[in-house]
Amino acid sequence: MIVVSGIQPTGKPHLGNYLGAIRNYVKLQDEAHAGGGKCFIFLADLHALSMPHEPAELHASTLEMVATLVACGLDPANTTLFNQAQVPQHAELQWLLMGTARMGWLNRMTQWKDKAGKNREGQSVALFSYPVLQAADVLLYQATHVPVGEDQKQHLELARDIAQKFNNDFASEDAPVFTLPEPYIPEAAARIMSLRDGTRKMSKSEPSDMSRINLTDDADEMAQKFRKARTDPEPLPSEMAGLDDRAEASNLVTIYAALAETSPDAVLGEHGGKGFGEFKPALADLAISVLGPIRDRFVELKQDRESLDAILARGAAQARDAGAPTLDAAYNALGLVRG
Ligand code: TYM
């Protein structure tokens, strides 16, 4: 089992990142460690160049993201934890895959369509070609399991398509260059929605901070955000089927279930009939009990700049070694002369 995933270090990591992805990084890290596999988790800072960004902010938030991931339970002794920019093989392999990826495939990416909107001509080339870098990220390590939220599923399918076409075009059937990666998506919590609008994804780039619970929020901030979360005046039903047209209510129940590691129906079994005046404080207490210890560890770890730098330096060295054989195989398969 080879686990690979990345997170953009722009902005603060939030509850959607945690429940949709980070919690599974930790789960799969432990499985891989127990079973003799490997786990690679990285900060996708090169991906951040696809949108306008502030260099000083990116620099600071990259180090904070390392502290957050360790606070969430990633153990640098068992996971290769690194920053993409410190492992140039990612960008190198992206270029080698550019000849295989098709314009039509990239044009169909919903994230590209959403982010570009009507102004495609004005977007950076990086925003368009970003999924090819994402394919390189996972193929470089022969990933088998890629823990992500629902929104990354399509990018992972593209990575499989690229791997398959490259193998078909340039490798023999019994010696493929790339392994086809499988997305690993949580059943519940695959898509946590904004606290202000149940039809929009909880996102780092949403301007209103009230729309998300950041993993760095303190207990008062969390309680206030849940208190002000948008809801409707109806009490909770006793089963999820009763929440079909109530996006915000359904999101809060999903968040509760994911935090309590139970099913939404079990949550409604317990809280059905209650109004939000009662349910929201219960949800806030639960979130604080799960996320509070993570925040405390984060606050401690982020003071220790030297340790964070050391984690990244060690992770990058390991990642460069781990990716080298696949990169060599890709260069050779393409017939490129390297001396
Ligand atoms: P990013 O930084 O937007 O998000 C990091 C992870 O969090 C998940 N996620 C969510 N899950 C549930 N509900 C939400 N509201 C929510 N918002 C985000 C994402 O699905 C993701 O798993 N392109 C990627 C980073 C990346 C990557 C990779 C991922 C670069 N290379 C290779 C996997 C493999 C991104 O922008 O994620």
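A polar contact here is a pair of N or O atoms within 3.5 Å; inside the protein, one atom must be able to donate a hydrogen and the other to accept it. Keep that in hand for the exercises below, and remember that this is a predicted model.

**Exercise 1. Work out where H271 sits, whether it is buried or exposed, and which side chains it joins in polar contacts.**

Step 1: place the residue. H271 belongs to helix α10, which covers residues 264-271.

Step 2: check the accessibility. The relative accessible area of H271 is 3%. Buried means under 20%, so H271 is buried.

Step 3: look for polar partners. The side chains of H271 and Y256 are joined by a polar contact of 3.2 Å. Another polar contact, of 2.9 Å, joins the side chains of H271 and K274.

Step 4: add the rest of the surroundings. If you skip neighbours within four places in sequence, H271 is in contact with L236, Y256, F279 and A282. Y256 thus turns up both in that list and as a polar partner.

**Exercise 2. Describe how the ligand is held: which residues come nearest, and which N or O atoms of the protein face it?**

Step 1: survey the shell. There are 28 residues around the ligand, and Y130, D137, D151, I192 and K204 come nearest. By type, the shell splits into twelve nonpolar, eleven polar and five charged residues.

Step 2: pick out the atom pairs. N17 puts a polar side-chain atom 3.1 Å from a ligand oxygen. In the side chain of Q152, an N or O atom lies 3.3 Å from a nitrogen of the ligand. M202 uses its backbone instead: an N or O atom there is 3.0 Å from a ligand nitrogen.

Step 3: ask how much of the ligand is covered. On its own the ligand has 710 Å² of accessible area, and the protein covers 96% of that.

Step 4: map the shell onto secondary structure. Two or more shell residues come from each of β1 (2-7), α1 (15-34) and α6 (125-139).

**Exercise 3. Build a profile of D137, starting from its database record.**

Step 1: read the record. UniProt, in an unreviewed entry, lists D137 under "binding site". In the model, D137 is also among the residues that come nearest to the ligand.

Step 2: locate it. D137 lies in helix α6, one of the elements that give two or more residues to the ligand shell.

Step 3: judge burial. D137 counts as buried because its relative accessibility is 2%.

Step 4: list the company. Beyond four places in sequence, D137 contacts V4, F42, H47, Q84 and H90. With Q84 there is a side-chain polar contact of 2.9 Å.

**Exercise 4. Take L291 and R246: for each, find the element or loop, decide whether it is buried or exposed, and name the contacts.**

Step 1: start with L291. This leucine is part of helix α11, residues 276-303. Its relative accessibility is 1%, so L291 is buried.

Step 2: follow the chain to distant sequence. Among the contacts of L291 outside its four-place neighbourhood are L15, Y18, I213, L215 and M222. T216 is 75 residues away from L291 in sequence, yet their C-alpha atoms are 8.7 Å apart.

Step 3: turn to R246. R246 is in the loop that links α8 (219-228) and α9 (247-260). A relative accessibility of 14% means that R246, too, counts as buried.

Step 4: finish with the neighbours. Not counting residues up to four places away, R246 touches D232, E234, P235, P237 and F276.

Note on methods:
Residues are numbered from 1 along each chain as its sequence is written. This is a predicted model: local features need pLDDT of at least 70, side-chain atom pairs count only at pLDDT 80 or more; totals for chains, interfaces and linings use all residues. Side-chain values use heavy atoms; hydrogens and water are left out. A residue is near a molecule or strand if one of its heavy atoms lies within 4 Å of it. Accessible areas come from the Shrake-Rupley method with a 1.4 Å probe; for residues, only the protein chains shown count as cover. Helices (H or I, at least four residues) and strands (E, at least two) are DSSP runs, numbered from the N terminus. Ala, Val, Leu, Ile, Met, Phe, Trp, Tyr, Cys and Pro count as nonpolar, Asp, Glu, Lys and Arg as charged, and the others, Gly among them, as polar. Buried means under 20% relative accessible area, exposed over 50%, partly exposed in between (1.4 Å probe, protein chains only). Contact means heavy atoms within 4.5 Å. UniProt positions are given in the numbering used here, feature names are shortened, and annotations may be inferred rather than shown by experiment.
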